[in-house]
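Here is a quick walk through one chain, starting with a sheet and ending with what is packed inside. Have the viewer open as you read.

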Amino acid sequence: MPQLNQLSTRNFKSQLMLVFGGLVTIWLVVVGGYFVQKNTDAVATNGGDAVHATAIATAQLLSTEVRERSQEIDLLAKSFLFTETDLSNYKIREALESRQKVHGEYLWIGVASLSGKVLQATNGVLVGEAIESRPWFRAGQQGSYAGDIHEAVALAKHLQQIKPNQPLRFIDFAAPLFDSHGNLQGVLAAHTSWDWVTDMVVNKVQEPLANRASEILILNRHGEVLYPFDKIGTTHLPAGIVPSRPYQVLSWPDEGRFLTSVVPVNNIAQLNLNWQVVVREPVDTALLPVRQLREKLLAIGVLSILLFVAVAYYFAARTSQPIEALAAAATRVLSRERNIEFPKVTSGTSSEVAQLCTSFHRMTESLLAREQELNELNASLEQQVAERTAELTRANERLSILATHDGLTGIANRRHFEDRLSLAFQLSRRTMDEYTVMMVDADHFKRINDTHGHDIGDAVLRQLAHILKSQVRVTDLVARYGGEEFIVLLNDSGNNDADADADADALQVASKIRAAIEVANFPQVGQVTVSIGLARSTATDSSKEQALKRADEALYKAKNKGRNRVVYQ
């Protein structure tokens with residue numbers, strides 16, 4: 001009897017498998033290779049055209065928007081208000097501020113006299129300051145001007161930073177101002193935010209391309225990156241660009257190969273701007289459809305092979321009863337039936353059927369074992385996810401406590417107290433409900449540390465914190481302010497008509513605290529006393545720090561009067 005793993009090429013199964021397998025392989029190589037090559041060329045062309053079209057659209061958008069801003073400033077300078085009105089007239093400032101409200105991209109609009117002094121400006125910023133050395137002032141006297149991007153200089157300290165970790169950057173626009181007789185009388189200037197340009201690119205060009213991996217860069221005349229901010233100084237345009245080509249495949253240093261298109265920003269050369277728009281897309285991403293096509297063709301090939309193998313088995317089964325029984329067993333395997341009986345291998349069974357029976361039997365056992373392993377693995381992963389989620393929840397709760405509580409005493413920390421004090425101050429401004437600040441300082445605490453050590457000193461602080469919390473209401477806040485100093489926020493429920501009662505209540509609470517600490521026994525230390533300074537907020541307070549300062553001054557007086565006492569400021 002021949003060995004099961006040595007099949008003759010002359011038996012029916014082997015010949016049928018060779019014929020069908022060969023046909024499928026030839027079909028995959030010839031037809032699949034042709035379609036892959038055609039699709040590669042088409043995808044590369046389409047990707048390049050898309051990158052180039054994006055670059056053109058971005059360049060046209062920048063050109064149009066910058067030109068419109070320049071024309072807008074030029075038309076405003078020629079308006080009746082500026083030619084027929086004295087430049088110091090208040091109506092000019094109103095017009096400038098109105099224009100700024102309509103066009104949020106203008107961070108500053110101003111009018112300068114021929115002497116180089118700012119006469120009018122939005123929100124009064126830079127009014128009276130000398131700007132004769134600014135490039136826009138000198139160029140604006142000659143005609144319409146648009147300056148290249150630069151960081152804020154004089155305006156940096158007057159305007160709020162728009163984006164964190166990014167300096168304010170401007171594009172300057174200027175135009176000459178003539179009176180009704182055609183005499184030059186000043187310069188109209190505007191500073192637009194560079195963020196306006198970048199946001200415009202993101203909103204109108206970048207976001208519609210969110211489903212692609214294209215990246216847009218804006219470069220100045222020297223080839224330096226202006227946008228995006230994180231590429232400044234780190235990304236440089238590679239050499240070897242051919243201007244006549246709409247797109248090229250370039251190797252960017254330390255980044256890889258990109259499908260790249262470089263388009264100059266046209267129609268603003270008269271404004272002395274020479275920007276370039278660069279749109280690039282990783283070659284791997286651009287050719288992703290080709291890779292997906294290969295995978296699809298491979299899957300189709302595998303399915304085709306399986307299909308033709310199934311056909312081969314069908315014809316073989318019609319010639320052999322054992323093969324029919326084997327096919328039935330295979331069907332039950334696909335249905336995931338249990339306890340499947342395969343045809344028994346006897347001495348009269350052909351080597352092909354014997355090998356098929358053995359292979360299918362082993363495959364079934366392997367699949368069932370893998371399915372069991374996968375079920376167990378899924379159950380284990382779900383348990384791990386639940387445990388990690390619970391751990392994360394507990395960690396977040398611990399972080400919240402650490403952020404608002406003192407690690408030594410367990411009471412609120414200084415940051416939490418200042419947040420509550422801010423809320424109390426804002427509430428008092430709206431409702432006239434006042435509050436009291438109590439500053440508590442342990443007397444001669446340094447002597448305790450020097451005599452008994454810091455561990456005993458820490459224990460004293462914890463006991464003081466416990467006594468303080470036990471003597472106030474749950475609506476009041478006790479916090480460690482620093483070192484041996486504690487602070488208490490007492491919320492008053494009355495108004496201005498009950499000042500005397502509120503003061504008496506605060507003094508009573510402070511006296512209870514001082515007395516409770518004085519009679520308390522502190523292990524290894526004995527008696528500890530505290531000095532307390534009290535201050536109540538008033539309707540004339542302009543900031544939360546004023547009541548805090550009065551409480552601190554009262555504490556200082558308590559110390560100077562001999563300690564272990566309460567002083568109300």
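## The sheet

Two strands are taken to pair if DSSP finds at least two bridges between them. On that basis, this predicted model has an open sheet of five strands, in the order E13-E14-E12-E15-E16, with mixed pairing. Strand E13 (477-482) and strand E16 (566-568) sit at the edges with a single partner strand each, so one side of each has no neighbour in the sheet. On average, neighbouring strands here are turned by 20° against each other, direction ignored.

How do E15 and E16 pair, and over how many bridges? Strand E15 (residues 530-536) runs in the parallel sense with E16, over three bridges. If you want a spot to zoom in on, isoleucine 532 stands opposite valine 566 in E16.

## Two helices to look at

Helix H10 (residues 414-431) lies across strand E12 (435-442), E13 and strand E14 (485-491). Against E13, helix H10 runs at about 125°.

Then there's helix H12 (residues 454-470), with 17 residues. From its first C-alpha to its last, H12 reaches 24 Å, close to the 24 Å expected at 1.5 Å a residue. Which residues of H12 are buried? They are Ile456, Gly457, Val460, Leu461, Leu464, Ala465, Ile467 and Leu468.

## Nonpolar cores

The largest nonpolar core has 41 residues, and Leu62, Phe82, Leu188 and Trp194 touch the most other members. Helix H1 (residues 12-77) gives the most to this core, contributing nine residues. A second, separate core holds 30 residues, including Ile456, Ile467, Leu468 and Ala506. Three of those names should ring a bell from the helix above: Ile456, Ile467 and Leu468 are among the buried residues of H12.

Back in the largest core, leucine 188 is worth a click. Skipping its neighbours within four places in sequence, leucine 188 is in contact with a list of residues that includes Ile73, Leu76, Ala77, Phe82 and Leu96. Further along the chain, the contacts of leucine 188 include Ile109, Gly110, Val111, Phe173, Ala174, Ala175 and Leu177.

## The chain as a whole

Zooming out, the chain has 14 helices and 16 strands. Of its 569 residues, 40% count as buried. Among contacts in the chain with a separation of 6 or more, 63% come from residues 24 or more positions apart.

As for the outside, the accessible surface of the chain comes to about 31900 Å², and 53% of that belongs to carbon and sulfur atoms.

Notes:
Residues numbered from 1 in each chain as written. Predicted model: local features only at pLDDT ≥ 70, side-chain atom pairs only at ≥ 80, totals over all residues. Heavy atoms only, no water. Helix = DSSP H or I, 4+ residues; strand = E, 2+ residues; numbered from the N terminus. Axes fitted to C-alpha atoms, helices over the stretch in contact; angles between N-to-C directions. Contact = heavy atoms within 4.5 Å. Expected span 1.5 Å × (residues − 1). Buried < 20%, exposed > 50% of the residue type's maximum accessible area, 1.4 Å probe, protein only. Areas by Shrake-Rupley, 256 points an atom, 1.4 Å probe, with all protein chains shown as cover. Core = buried A, V, L, I, M, F, W, Y, C linked by side-chain atoms within 4.5 Å.
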